[in-house]
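Me: I would like to walk through a structure with you, one question at a time. Could you take a look and reason each answer through with me?

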Amino acid sequence: MIQSVNSIPAFDIKQQYTTIETEVSAAVLDVLVSGRYIGGPLVEGFEKQFAAYHGVTACVACNSGTDALFLALRALEIGVGDEVITTPFTFVATAEVISAVGAKPVFVDIDATTLNIDLQQVAAAITPKTKAIIPVHLFGQPVDMTTLMAIAQSHNLAVIEDCAQSTGASWGGAKVGSIGHIGCFSFYPTKNLGACGDGGAITTNDPAIAAKLRILKEHGQRNRYQYEEIGVNSRLDAIQAVILAIKLPHLDDWNQQRRAIATYYNQFLSQVAGIVTPQELTGGVSVWNQYTIRISSQGQNGSSAAYRESVRSQLQERGVNSTVYYPHPLHLQPVYQHLDYQPGQLPVAEQACHEVLSLPMFPELTTQQQDQVIYALKDSLE
Ligand SMILES: *Cc1c(COP(=O)(O)O)cnc(C)c1O
């Protein structure tokens, strides 16, 4: 591979794999030999382990984080004529599933400090049609769930936590995904707990919801070959389940390493002019799926996005790869044109899209690499 020896990727999954390779290889081979590829004790075992980790009574494994969110909405019987409030500053799946069940996504602006949904705006957006709120614990940082649950309870609304980027994060001592009515997780390889392929899970303390989820994820089947409603096929493979079962006991350590890296970055970057470093909300423990700074174009010529792009390419020249999550807010995407949002309507999210830049963040990043990121960024800003 021709790559500068000093080049730092935005994310690296192979290093982590080498630390558990022997265990994973043996376990995967066992599954192959067993012939039990779909369902079975390994998938059930992982569901129990994941539920216990979160302190919830039920975990239902599924095919992806997107399916987890879709199934959650279906289990709550949210559909045509209903409104679901969410953030425009997230991965498209969060809103896509609302549309997929026939409901209407209602986007509200985000908080400039946390980049998470602005809870005052949530309260203001509630109408008689509102059925649920989907908060996203973006980049690993938990939403203030105390305030959100109070808003939801006073209006009798369901809360579906999008925990795709925040496995292991907590708010007020409780794991995210255990606070709302339903928690939705993704095991996409770049997430904090990543499989070697697609995977997802749903957590809940409500046995009726868990039972309904199990029916929906299996073609709407309650008893064999008896179909009660239109469902889907959404499974976590036994191979992924066994890999995740091996990885889960390491998750807290890996998240702790991410936290140490974020602290180090903050220590050396928080005073640097021209950027805003991420802050952790009191009460929350972030798991730093991303370390995302904002690059202010004040005093620079041209637009924020153009300036951000120039910093990004200068970082690249210095061997530091960075990523823009997310360049466009969902309310202004072509697919949501029919909802009639106008540019300027959700200004904080729109500005964030022009300014954010995610620096390399994964548990195995060495201090030397972190230093290189810090120096490269300082140089690129001058
Ligand atoms: C990754 C992600 C999803 C979707 O997860 P998949 O497993 O890729 O389907 C949903 N929401 C957010 C915020 C995500 O980051």
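Me: Glad to have you along. Which residues does Ala164 touch, not counting residues up to four places away in sequence?
Reply: Happy to help, and please keep in mind that this is a predicted model. Ala164 sits in the loop between β5 and β6 (170-171). Leaving out residues up to four places away in sequence, Ala164 touches Cys184, Ser186 and Lys191.

Me: Is Ala164 buried or exposed?
Reply: The cut-off for buried is under 20% relative accessible area. Ala164 has a relative accessible area of 11%, so the residue counts as buried.

Me: How far apart in space are Ala164 and Val56, C-alpha to C-alpha?
Reply: In sequence, Ala164 and Val56 are 108 residues apart. In space, their C-alpha to C-alpha distance is 17 Å.

Me: Let's turn to the sheet. In what order do its seven strands lie?
Reply: The sheet is open and its pairing is mixed. Strands β1 (58-62) and β3 (104-107) each have a single partner strand, so they stand at the edges. Neighbouring strands are turned by 25 degrees against each other on average, direction ignored. The order is β1-β9-β8-β5-β4-β2-β3.

Me: Which residue in β9 stands opposite Phe185?
Reply: Strands β8 (residues 182-186) and β9 (residues 200-204) run antiparallel and are joined by four bridges. Opposite Phe185, in β9, stands Ala201.

Me: Which strands does α2 touch as it packs on the sheet?
Reply: The direction of α2 makes about 130 degrees with that of β1. The strands α2 touches are β1, β8 and β9.

Me: And helix α6 (residues 145-154): what angle does its direction make with that of β5?
Reply: Helix α6 also packs on the sheet, where it touches β4 and β5 (158-162). The angle with the direction of β5 is about 150 degrees.

Me: Now the charges. How many salt bridges are there?
Reply: The rule asks for a side-chain nitrogen of Lys or Arg within 4 Å of a carboxyl oxygen of Asp or Glu. By this rule the count is ten.

Me: With which residue does Arg214 form a salt bridge?
Reply: The closest N and O atoms of this pair are 3.3 Å apart. Arg214 is in helix α7 (residues 207-216) and its partner in helix α2 (residues 41-54), so the salt bridge ties together parts 167 residues apart in sequence. Arg214 is partly exposed at 36% relative accessible area, whereas the partner is buried at 7%. That partner is Glu47.

Me: Which residues of α7 are buried?
Reply: At the start of α7, a side-chain oxygen of Asp206 reaches to within 2.9 Å of the backbone nitrogen of Ala208. The buried residues of the helix pack against β1, α3, β8, β9 and β10 (221-223). They are Ile209, Ala210, Lys212, Leu213, Ile215 and Leu216.

Me: Lys212 brings me to a network of salt bridges. Which residues does this network link?
Reply: One pair in it is Glu229 and Arg74, whose closest N and O atoms are 3.9 Å apart. Glu229 is in the loop between β11 (226-227) and α8 (238-247) and Arg74 in helix α3 (residues 65-75), 155 residues apart. The network as a whole links Arg74, Glu77, Lys212 and Glu229.

Me: What is the N to O distance in the salt bridge of Lys131 and Asp82?
Reply: Lys131 lies in strand β4 (residues 130-134) and Asp82 in the loop between α3 and β2 (83-86), so the pair ties together parts 49 residues apart in sequence. Lys131 is partly exposed, with a relative accessible area of 37%, and Asp82 is buried at 10%. The N to O distance is 2.8 Å.

Me: Why does Glu83 have no salt bridge, and how far away is the nearest side chain of opposite charge?
Reply: Glu83 is found in strand β2 and is buried. Its side chain joins that of Thr127 in a polar contact of 2.9 Å. A salt bridge needs a distance within 4 Å, so Lys104, the nearest side chain of opposite charge, does not qualify at 4.2 Å.

Me: Last one: which side chain of opposite charge is nearest to Arg308?
Reply: Arg308 is in helix α10 (residues 304-317). Among its contacts beyond four places in sequence are Ile295, Val324 and Glu355. Arg308 is buried yet has no salt bridge, and the nearest side chain of opposite charge, 4.6 Å away, is Glu309.

Methods
Residues numbered from 1 in each chain as written. Predicted model: local features only at pLDDT ≥ 70, side-chain atom pairs only at ≥ 80, totals over all residues. Heavy atoms only, no water. Helix = DSSP H or I, 4+ residues; strand = E, 2+ residues; numbered from the N terminus. Buried < 20%, exposed > 50% of the residue type's maximum accessible area, 1.4 Å probe, protein only. Lys, Arg positive; Asp, Glu negative; His and termini not counted. Polar contact = N/O pair within 3.5 Å; in protein donor to acceptor, adjacent residues only side chain to side chain. Pairing = 2+ DSSP bridges. Axes fitted to C-alpha atoms, helices over the stretch in contact; angles between N-to-C directions. Contact = heavy atoms within 4.5 Å.
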